[in-house]
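This report walks through selected features of one protein model, moving from its loops to its helices and domains. Please keep the structure in view while reading.

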Amino acid sequence: MNDANIGLIGLGTMGAMLALNIAEKGFKIAVFNRTTAKTHDFKANAGDLAPMIVPTDTLADLVAAIKPPRAIILMVTAGAPVDEEIEKLRPLLAKDDLIIDAGNANFHDTDRRAAEAAEKGPHFLGMGVSGGEEGARHGPSIMGGGDKADWDRVSPILEAISAKHDGTPCATWMGPGGAGHFVKAVHNGIEYADMQMIAEIYGVMRDGMGMTAAAIAAVFDDWNKGPLQSYLIEISAAVAKATDGGKPMLDVILDKAGQKGTGRWTVIEAQQLAAAIPVIEAAVMARNVSGSLDERKKGEAVFGAAPQVLPKGLVTLKALEQAMIAGKILCYAQGFALIVAASKEFKWDLPLPAIARVWREGCIIRSTMLNDMATALEEDASRGLMLAPYFVGHLKASGPGLRSVVSIGAAHGLPLPALSAGLAWFDMMRTGRSTANMIQAQRDFFGAHGFERLDKPGVGLHGPWGGHAM
Ligand code: 6PG
């Protein structure tokens with residue numbers, strides 16, 4: 001019987017949750033997993049949804065179970081396993097069938113796979129899926145890339161399973177080739193930055209203000225009712241509240257953060273594009289430094305611990321909230337500027353307001369502020385978020401809080417790399433006359449690289465410091 005609406009390969013946590021979500025929305029789904037027992041257990045444990053699930057033991061059976069033209073979602077480990085599955089599927093599929101890679105692929109790989117698909121078939125979509133296990137099961141945010149016609153073919157299913165913001169599905173086609181996976185990578189970069197800024201503020205409260213985890217949880221809960229309302233603030237309150245054998249859970253978790261590499265990809269890509277995303281860079285750097293546990297301990301033994309208890313009243317919770325608001329706006333301004341740079345370089349025409357909209361629900365960085373960002377980008381996407389009137393107002397109000405928190409942190413040894421990077425970028429972006437004239441003079445001095453002058457037209461001009469004097 002070839003009556004399944006779609007197929008899925010890979011019944012790991014994310015794949016299994018996505019398959020249940022698809023079945024629940026009324027689409028019959030054929031599933032395949034390398035371990036056959038897992039495939040059958042999956043159906044056996046699917047309860048009411050079992051009739052919508054077709055377990056298959058071989059890839060040929062999977063293909064045979066799906067209505068042509070077929071669409072098959074790959075939910076396997078990013079990298080080589082995706083290429084291996086495509087190679088195995090290619091001889092089994094017809095030219096107009098469609099493979100959808102829903103893992104966290106590097107968008108360059110997706111571009112390559114899309115080009116190979118155009119040459120050899122079948123069709124190929126690269127799809128960023130955000131929201132973790134819960135999102136996959138009940139409504140993720142979906143960022144698609146590939147041919148629009150292929151997206152349109154499966155969008156009724158993708159929109160049905162996605163998260164909704166006031167009824168609008170958070171499932172959007174971003175552009176050709178790797179565009180969807182690129183947008184997902186930027187999402188993850190911002191995810192790293194949001195998490196790092198929250199961790200920095202937590203550090204000020206814990207180390208600088210001597211607050212307990214429970215007291216910190218109450219602050220995050222309170223902020224979650226205001227402009228900072230977001231999934232990450234909400235879960236930060238929840239984790240700060242949790243206990244383990246009477247102790248705060250946070251106090252027994254090792255301070256060494258993992259990473260699968262998507263944040264790093266974002267930073268590497270930004271460097272390639274000469275786009276400035278210092279808040280995200282600082283967040284990736286901080287994860288790297290967190291891994292140097294032994295070195296950090298040796299440093300503390302030699303120099304003494306940096307974080308100092310702050311004099312009472314020096315930092316207020318209001319200033320911390322403002323620092324977080326300003327840091328967040330600056331981080332997103334950088335993230336969207338990176339998207340603009342990539343869109344231009346790769347000729348993608350990425351839909352900025354739609355990206356803000358697709359991130360409003362379902363994904364890890366979902367927040368109220370993203371709705372305001374979508375509105376600001378709809379009004380005028382070309383001026384960037386920092387200069388959008390709504391955020392100019394927010395930055396004027398919250399910028400002083402960021403400055404005071406960063407300066408107090410520096411004076412008292414509380415490391416705030418992401419917040420500091422946001423502030424430095426902000427100050428650079430409102431400096432009409434920078435110090436790059438010095439860099440140009442140095443470059444010309446040692447390498448005759450030439451410069452432009454303020455008082456005369458022309459390029460490749462030289463200074464009076466050697467054989468290149470004009
Ligand atoms: C999401 C997340 C997810 C990511 C994890 C872990 O949007 O659902 O971004 O895709 O893989 O958050 O990422 P790290 O291991 O790199 O922290």
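## Loops, helices and domains

Pro122 lies in the loop that runs between α5 (107-120) and β6 (123-130). In this predicted model, the peptide bond leading from Gly121 to Pro122 is cis, with omega near -15°. A second cis peptide bond joins Pro68 and Pro69, where omega is about -10°, and Pro69 belongs to the loop between α3 (59-65) and β4 (71-74). Such bonds deserve a remark because most peptide bonds are trans, just as most residues other than glycine have a negative phi.

The backbone also takes a positive phi in several places, which are listed here.

| Residue | Phi | Location |
|---|---|---|
| Lys347 | about 55° | just after α14 |
| Asp349 | about 60° | loop between α14 and α15 (352-358) |
| Ala448 | near 50° | segment after α19 (436-447) |

Is Asp349 exposed or buried? Its relative accessibility is 68%, and because exposed means over 50%, Asp349 counts as exposed. Ala448, by contrast, has a relative accessibility of 24%, so it counts as partly exposed.

The helix that comes just before Lys347 is α14, which covers residues 317-346 and therefore has 30 residues. From its first C-alpha to its last, α14 reaches 43 Å, which is close to the 44 Å expected at 1.5 Å a residue. This helix is mostly covered, since 21 of its 30 residues are buried.

Helix α18, made up of the 12 residues 417-428, can be checked in the same manner: at 1.5 Å a residue it should span 16 Å, and its end C-alpha atoms are indeed 16 Å apart, so the two values agree. The buried residues in α18 include Ala418, Leu419, Ala421, Gly422, Leu423, Trp425 and Phe426. What covers the buried residues of α18 includes α8, α12 (278-290), α14 and α17 (389-412).

One of these neighbours, α8, can be followed in further detail. How do α8 and α18 pack, and at what angle? The angle is about 110°, and the axes of the two helices are 7 Å apart. That angle makes α8 roughly perpendicular to α18. On the α8 side the contact is made by Gln196, Met197, Glu200 and Ile201, while α18 contributes Pro417, Ala418 and Leu419. Sorted by character, the residues of this contact between α8 and α18 divide into five nonpolar, one polar and one charged.

Helix α8 (residues 179-208) also packs against helix α11 (residues 262-272), at an angle of about 105° and with the axes 8 Å apart. These two helices are therefore roughly perpendicular to each other as well. Here α8 takes part through Phe182, Ala185, Val186, Asn188, Gly189 and Tyr192, and α11 through Thr262, Gly263, Thr266 and Glu269. The residues of the contact of α8 with α11 divide into four nonpolar, five polar and one charged.

Finally, there is the division of the whole chain to consider. The protein chain is divided into domain 1 (6-177), domain 2 (185-429) and domain 3 (441-468). Taken over C-alpha atoms, the centres of domain 1 and domain 3 are separated by 56 Å.

Terms used: Residues numbered from 1 in each chain as written. Predicted model: local features only at pLDDT ≥ 70, side-chain atom pairs only at ≥ 80, totals over all residues. Heavy atoms only, no water. Helix = DSSP H or I, 4+ residues; strand = E, 2+ residues; numbered from the N terminus. Expected span 1.5 Å × (residues − 1). Buried < 20%, exposed > 50% of the residue type's maximum accessible area, 1.4 Å probe, protein only. Domains from an automatic or database assignment. Axes fitted to C-alpha atoms, helices over the stretch in contact; angles between N-to-C directions. Parallel < 35°, antiparallel > 145°, perpendicular 65-115°, else oblique. Contact = heavy atoms within 4.5 Å. Nonpolar A, V, L, I, M, F, W, Y, C, P; charged D, E, K, R; others polar.
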